[in-house]
Amino acid sequence: MRSIKESRIEILGKEVKVAVASGLANARRLLESIRDGKAHYDIIEIMACPGGCIGGAGQPLLRGNVSKLEKRMKAIHTEDRDKPIRRSYENKSIKKIYNEYLDAPGSEKAHHLLHTEYSSREKY
C-alpha cells in the first residue's frame, strides 16, 4: 500500500500535478516536502486514516494487517470500477432532483440547501 500517491493529468491542455497522502504521518511528510520546496502540486488530498476511508474508524479493524487492508481496498475499487454509474452527476435520480427542484448544480438554490457553515458552539 502506497502511503503517498502522485500523478499528473492533463486538463484542457494543462498538465496538473496531484498528490494524495494517507495517514497523518504521511500527510506531514507530504506537506513538509512542499514547504521545503522539494515538491510542487497543483492539488493535494489529505486523508487522516491510513489507507483512506477504507481503513477508517467506521471500517472493520485491520490496523497492522496490511495484506487484509490491501485486499479490501482492491475489492472495493474493483466493485466501484465495475458499477454502471460511478459519478453522482451521472445518476438519474440526482439529475431529476436538480432538474425538478434545485435548478442546476452550483445554483444559488442548491448552494443554499446543500451547503452549511461552521458555527462555534459551547461544549455540552
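This report walks through a predicted model, from its overall make-up to a few single residues.

## Overall make-up

The protein has 124 residues. Its secondary structure comes to 4 helices and 3 strands. Read from the N terminus, the elements follow the order β-β-α-β-α-α-α.

Buried residues make up 19% of the protein. The exposed surface comes to about 10600 Å². Carbon and sulfur atoms supply 53% of that area. Among contacts with a separation of 6 or more, 34% link residues that lie 24 or more positions apart.

## The sheet

The 3 strands form an open sheet. Their order is β1-β2-β3, and the pairing is mixed. Strands β1 (4–11) and β3 sit at the edges, where each pairs on one side only. Neighbouring strands are turned by 15 degrees against each other on average, with direction ignored.

Strands of a sheet pair through backbone hydrogen bonds, either parallel or antiparallel. Here, strand β2 (residues 14–22) pairs with β3 in the parallel sense. That pairing runs over 5 bridges. Take Ala19 as an example: its bridge partner in β3 is Ile44.

## A nonpolar patch on the surface

Ile44 also belongs to a nonpolar patch on the surface. The other members are Leu24, Leu31, Ile34 and Ile46. Together, the patch residues have about 400 Å² of accessible area. Two elements, α1 and β3 (43–47), each give two or more residues to the patch. Helix α1 supplies the largest share, with 3 residues.

## Two residues in helix α1

Helix α1 spans residues 24–35, and Ser33 is found in it. Ile34 has its place in helix α1 too. How do their surroundings compare? Take each residue in turn.

Ser33 has a relative accessible area of 18%. The cut-off for buried is under 20%, so Ser33 counts as buried. Which residues does Ser33 contact, leaving aside its neighbours within four places in sequence? They are Lys38 and Ala39.

Ile34 has a relative accessible area of 30%. Partly exposed covers the range between under 20% and over 50%, so Ile34 is partly exposed. Ile34 is also one of the residues that form the nonpolar patch.

## In short

The model combines an open sheet of 3 strands with 4 helices. Helix α1 holds the buried Ser33 and also gives 3 residues to the nonpolar patch. Strand β3 pairs with β2 and contributes to that patch as well.

How values were computed
Residues numbered from 1 in each chain as written. Predicted model: local features only at pLDDT ≥ 70, side-chain atom pairs only at ≥ 80, totals over all residues. Heavy atoms only, no water. Buried < 20%, exposed > 50% of the residue type's maximum accessible area, 1.4 Å probe, protein only. Contact = heavy atoms within 4.5 Å. Patch = residues over 30% accessible without salt bridge, like charges linked within 9 Å, V, L, I, M, F, W, Y side chains within 5 Å. Areas by Shrake-Rupley, 256 points an atom, 1.4 Å probe, with all protein chains shown as cover. Salt bridge = Lys/Arg side-chain N within 4 Å of Asp/Glu carboxyl O. Pairing = 2+ DSSP bridges. Axes fitted to C-alpha atoms, helices over the stretch in contact; angles between N-to-C directions.
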